[in-house]
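Reader: Got a minute? I want to go through this one with you before I set anything up.
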Amino acid sequence: MERADVVILGAGGAGLFCAGSLAGRGLRVVVLDHARAPGEKIRISGGGRCNFTNLGTTHETFLSQVPRFCASALAGFRPEDFVALVDRAGIAWHEKTQGQLFCDGRATQIVQMLVDRMGGAELRLGVAVTAVTPGAEGLRVDTPEGPLLAAHVVVATGGKSIPKMGATGIGYDIARATGHRVTDTRPGLVPLTFAEQDLGLSAPLSGIGIEARAALPKAPGRRAIAFQDRLLFTHRGVSGPVILQISSYWQPGEPLALDLAPGHDIAALLKQARAEGGRAQTATLLARQLPDRLAATIVAELGMTGAPLAAQSDARLETLSRRIHDWRIRPVGTEGYRTAEVTVGGVNCRDLDARSLRSRHVPGLYFVGEVVDVTGWLGGYNFQWAWASGHAAAQAILAS
């Protein structure tokens, strides 16, 4: 049987980084992936420029059933540490907004940096893993090309998001088969979809983008959640950064509150305009704060078309203001794993050691990256978790 010191399952961000952190230590490291190219999700991320980290990373920017689980690994490898690697590789970068760092050039530069950093590790692509089995001599990894035996196996297979890039649930299968719990999984950082009756309003607005605030009320086991960023109307519902952020917290059946003009008092603005004359149509004056088509649609929905602002009562203007500042919608679902950037849920953190990502049940077995029940916000946080968790596992292997 072929033997290795470490077998890493998955050539995505976490797997490649773990392999690179083991380089030059005299270990035989084999990285397996069923894809034909490494780092495919890195390649397409950030519009092809890879939002490779976020300077504001803390454990509070992640979701998990064990909220502080990721804190140790994140402290062990910080955004500044990854930036130092990027700088040494000669990759130019810039801060776009809110601590989000992007390549000036293409995301493939990050992939190449990670592959180069692997040193003498063996990268085997187009190789599927069918099972991992603990035994007296170590961990057996079965593949169609034959089994490998290793003292350490790192599961970095990712989640279910973006299946066209090769995502599968094999990591969860391995976890369950080796005695680990897996929390319920669902698409995260994903657009939300509407029922037919709500699409009548949103679909004609497809393509319109605005600054908005999205909020969810307090729920059992969850504090009240709110984000402010760009919102995009689509032919199926709503998308944009603010929706992707809130989608990771949203549960089916929950109402979502949207403020389409955060920081503005629409009622006060319209009352002031009315006091100054108010001859213009309500939609015309509302369009000073909202896109024309959105303003006209909301005014028509409330039956206020055709009358000048001067004809609108305080009560009508307050109703209009509530419709803009507290629009209650009840999405019927998401666009699913097809467009989701991440998978929420995964291998139960209670079955893993927080410092090393090592299994509490199977010696030598580790789970890192998206396969674990740790999900970051939009904006580079999930890549930082990939680097940090891969690093943590590597350091534990080197110390064993």
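Reader: How far apart are the C-alpha centres of domain 1 and domain 2?
Author: They lie 39 Å apart. Keep in mind that this is a predicted model.

Reader: Where does the chain get divided?
Author: Domain 1 takes two stretches, 2–187 and 343–399. Domain 2 is 191–335.

Reader: OK, contacts. How many residues of each domain are in contact?
Author: Seven from domain 1 and 10 from domain 2.

Reader: And what area do the two domains bury between them?
Author: About 800 Å². Carbon and sulfur atoms carry 49% of that.

Reader: Which residues in domain 1 lose the most area to domain 2?
Author: Arg186, Trp377 and Leu378. Together they make up 59% of what the domain 1 side buries.

Reader: How many salt bridges between the domains?
Author: Zero between domain 1 and domain 2. There are three residue pairs in polar contact, with both residues at pLDDT 80 or more.

Reader: What's the mix by class on the domain 1 side?
Author: Where domain 1 touches domain 2, five residues are nonpolar, one is polar and one is charged.

Reader: Switching topic. How many salt bridges does the structure hold?
Author: The count is 17. One of them joins the side chains of Glu122 and Arg28, at 2.7 Å from N to O.

Reader: Where do Glu122 and Arg28 lie?
Author: Glu122 is in strand β7, residues 122–125. Arg28 is in the loop between α1 (13–22) and β2 (29–33). The two are 94 residues apart in sequence, so the pair ties together distant parts of the sequence.

Reader: What does UniProt list for residues 5–395?
Author: An unreviewed entry gives that span as "domain: RsdA/BaiN/AoA(So)-like Rossmann fold-like". In the model, the end C-alpha atoms of residues 5–395 lie 14 Å apart. The span is 29% helix and 22% strand.

Reader: And which residues does the insert annotation cover?
Author: Residues 186–342, as "domain: RsdA/BaiN/AoA(So)-like insert", again from an unreviewed UniProt entry.

Reader: How far apart are the end C-alpha atoms of residues 186–342?
Author: 9 Å. That span is 32% helix and 22% strand. Arg186, named above for the area it loses to domain 2, has the number at which the insert annotation begins.

Conventions
Residues are numbered from 1 along each chain as its sequence is written. This is a predicted model: local features need pLDDT of at least 70, side-chain atom pairs count only at pLDDT 80 or more; totals for chains, interfaces and linings use all residues. Side-chain values use heavy atoms; hydrogens and water are left out. Domain bounds come from an automatic or database domain assignment. Contact means heavy atoms within 4.5 Å. Buried area is the accessible area (1.4 Å probe) that two parts lose on being put together, summed over both. A salt bridge is a side-chain nitrogen of Lys or Arg within 4 Å of a carboxyl oxygen of Asp or Glu. A polar contact is a pair of N or O atoms within 3.5 Å; within protein, one must be able to donate a hydrogen and the other to accept it, and residues adjacent in sequence count only if both atoms are side-chain atoms. Ala, Val, Leu, Ile, Met, Phe, Trp, Tyr, Cys and Pro count as nonpolar, Asp, Glu, Lys and Arg as charged, and the others, Gly among them, as polar. UniProt positions are given in the numbering used here, feature names are shortened, and annotations may be inferred rather than shown by experiment. Helices (H or I, at least four residues) and strands (E, at least two) are DSSP runs, numbered from the N terminus.
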